[in-house]
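Q: Please take one part of this model and look at it closely, then follow the connections from there as far as they can be supported. I would prefer one continuous account to a list.

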Amino acid sequence: MKRIGFIGLGLMGEPMAINLVKAGYKVIAYDRNPERTEVLVQEGATAASGPREVAQASDVIITMLPNSPHVKEVVLGENGLIEGIRAGQYVVDMSSIAPLVAQEVAEALAEKGVTMLDAPVSGGVEKARAGTLAVMVGGTEEAFAAVKEILEVMAGSVTLVGPVGAGQTTKLVNQMIVASNIAIVAEAMTLGKKAGVDPERIFQAIRGGLAASQCLEDKAPRMFSGNFAPGFRISLHAKDLANVIETSQDLHVAIPLTTQVMQMMQALINDQHEDVDHGGLALFYEKMNSLSLKQES
Ligand code: NAD
């Protein structure tokens with residue numbers, strides 16, 4: 001399985017697809033933004049004119065798209081993958097989408113003899129570049145074994161968590177933990193600053209203790225530099241939390257913390273911060289408390 005179709009070449013898809021080219025795979029690339037496809041062609045990939053053509057030219061097809069409607073359109077829509085696929089192929093959706101949509105799309109592909117896995121990722125752009133993403137996979141053992149080698153090119157860890165949809169459920173859990181973690185980092189640093197203690201010194205003092213986390217390590221320095229270039233956009237994280245809230249309503253699960261962070265993200269989006277990194281949750285606290293966490297340089 002040396003020919004890999006790759007659809008969705010944004011912040012994450014581009015470095016992931018480049019790593020596949022570098023590993024020696026023939027990559028057939030498509031993004032609806034032709035400039036994004038051209039970046040991959042410069043790196044050695046072949047351009048396709050749309051999802052149908054990607055399917056015709058590939059053995060395994062990877063999608064890395066914003067949300068559920070984009071995946072449905074690319075797979076099931078007009079000129080979609082479904083028009084070009086053949087039995088025995090694999091589709092690996094690495095986007096973060098609703099678990100129920102992953103199952104729905106997988107069922108439509110199964111009718112054509114094509115196996116789908118959902119394989120969303122965590123780790124952000126830096127880990128996408130380094131090929132060290134954490135990949136959480138939903139699918140059968142057999143399909144997992146067939147595509148694992150390909151996923152390992154992009155990942156530091158690849159874990160089968162259950163049947164189709166289980167990868168997306170795991171990603172929702174991940175996004176809940178990350179959202180609340182970033183928010184509490186911003187909230188706590190705001191209190192520290194208001195109390196007259198330098199937040200950067202607080203960070204140095206606590207980063208080796210129980211409050212240590214990847215979110216603290218990655219996001220606190222962004223808050224101190226005021227650099228919220230994405231990274232992971234607030235709008236995409238709000239999209240994930242919308243999927244979380246929808247799932248929680250279906251299952252009658254009370255999720256007060258996540259719901260509060262969603263409100264903060266909505267306020268930031270209304271303030272035109274939709275494209276800042278999710279570390280920009282600090283901007284909510286800064287506005288509410290009329291202070292800045294940014295360090296004087
Ligand atoms: P992005 O917006 O940078 O990229 C998405 C790409 O998909 C764009 O280039 C866009 O043109 C393309 N696209 C959209 N609709 C299309 C269509 N119908 N046909 C072809 N191409 C289409 O987003 P991203 O940051 O790369 O994120 C992609 C997915 O990965 C999202 O589900 C996101 O939640 C998830 N994710 C992102 C990060 C991160 O740090 N950025 C981390 C983990 C997971």
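A: A good place to begin is Ser 58, which is found in the loop between helix 3 (51-57) and strand 4. The model is a predicted one, and what follows should be read with that in mind. Ser 58 counts as buried because its relative accessibility is 0%, where buried means under 20%. The side chain of this serine has a partner in the backbone, for Ser 58 reaches the backbone nitrogen of Gly 5 at 3.2 Å.

From that loop the chain leads to strand 4, which covers residues 60-63. Strand 4 and strand 5 run parallel and are joined by four bridges. Within this pair, Ile 61 stands opposite Val 91 of strand 5. Strand 5 itself (residues 90-93) turns its side chains to two sides: Tyr 90 and Val 92 point one way, while Val 91 and Asp 93 point the other way. All four of these residues, on either side of strand 5, are buried.

Ahead of strand 5 there is a loop that connects it with helix 4, and Asn 79 is found in that loop. The backbone of Asn 79 deserves a second look, since its phi is near 65°, a positive value in a residue other than glycine. Most residues other than glycine have a negative phi, and most peptide bonds are trans. Asn 79 counts as partly exposed because its relative accessibility is 30%, a value that lies between the 20% limit for buried and the 50% limit for exposed.

The next step is the ligand. Leu 11, Met 12, Asp 31, Pro 66 and Lys 239 come nearest among the 27 residues around the ligand. Several backbone atoms make polar contacts with ligand oxygen: a polar backbone atom of Leu 11 is 2.9 Å from an oxygen atom of the ligand, a polar backbone atom of Leu 65 is 3.0 Å from one, and a backbone N or O atom of Pro 66 lies 2.8 Å from one. The protein buries 92% of the 840 Å² that the ligand exposes when taken alone. Helix 4 (68-76), helix 6 (124-130) and helix 11 (234-251) are the elements that give two or more residues to the shell, and helix 4 provides the largest share, three residues. By class the shell around the ligand is made up of 13 nonpolar residues, seven polar ones and seven charged ones. Both domains take part, with at least three shell residues drawn from each of domain 1 (3-162) and domain 2 (169-289).

Lys 239 is worth following further, because it is buried, at 13% relative accessibility. This lysine lies in helix 11 and is one of the residues that come nearest to the ligand. A polar atom of the Lys 239 side chain also lies 2.8 Å from the backbone oxygen of Ser 96. Elsewhere in helix 11 is Ile 245, which counts as buried because its relative accessible area is 18%. The C-alpha atoms of Ile 245 and Gln 89 are separated by 33 Å, and the two residues are 156 residues apart along the chain.

The loops on either side of helix 11 each hold a backbone detail that can be checked in the coordinates. In the loop between helix 10 and helix 11 sits Gly 231, and the peptide bond from Pro 230 to Gly 231 is cis, with omega near 15°. In the loop between helix 11 and helix 12 (256-270) the residue to inspect is His 252, which has a positive phi of about 55° although it is not a glycine. His 252 counts as exposed because its relative accessible area is 73%, and exposed here means over 50%.

Helix 10 can close the account. This helix spans residues 214-225 and contains Glu 217, which counts as partly exposed because its relative accessibility is 29%. The C-alpha atom of Glu 217 is separated by 9.9 Å from that of Gln 204, 13 residues away along the chain.

Notes
Residues numbered from 1 in each chain as written. Predicted model: local features only at pLDDT ≥ 70, side-chain atom pairs only at ≥ 80, totals over all residues. Heavy atoms only, no water. Near = heavy atom within 4 Å. Polar contact = N/O pair within 3.5 Å; in protein donor to acceptor, adjacent residues only side chain to side chain. Areas by Shrake-Rupley, 256 points an atom, 1.4 Å probe, with all protein chains shown as cover. Nonpolar A, V, L, I, M, F, W, Y, C, P; charged D, E, K, R; others polar. Domains from an automatic or database assignment. Buried < 20%, exposed > 50% of the residue type's maximum accessible area, 1.4 Å probe, protein only. Pairing = 2+ DSSP bridges.
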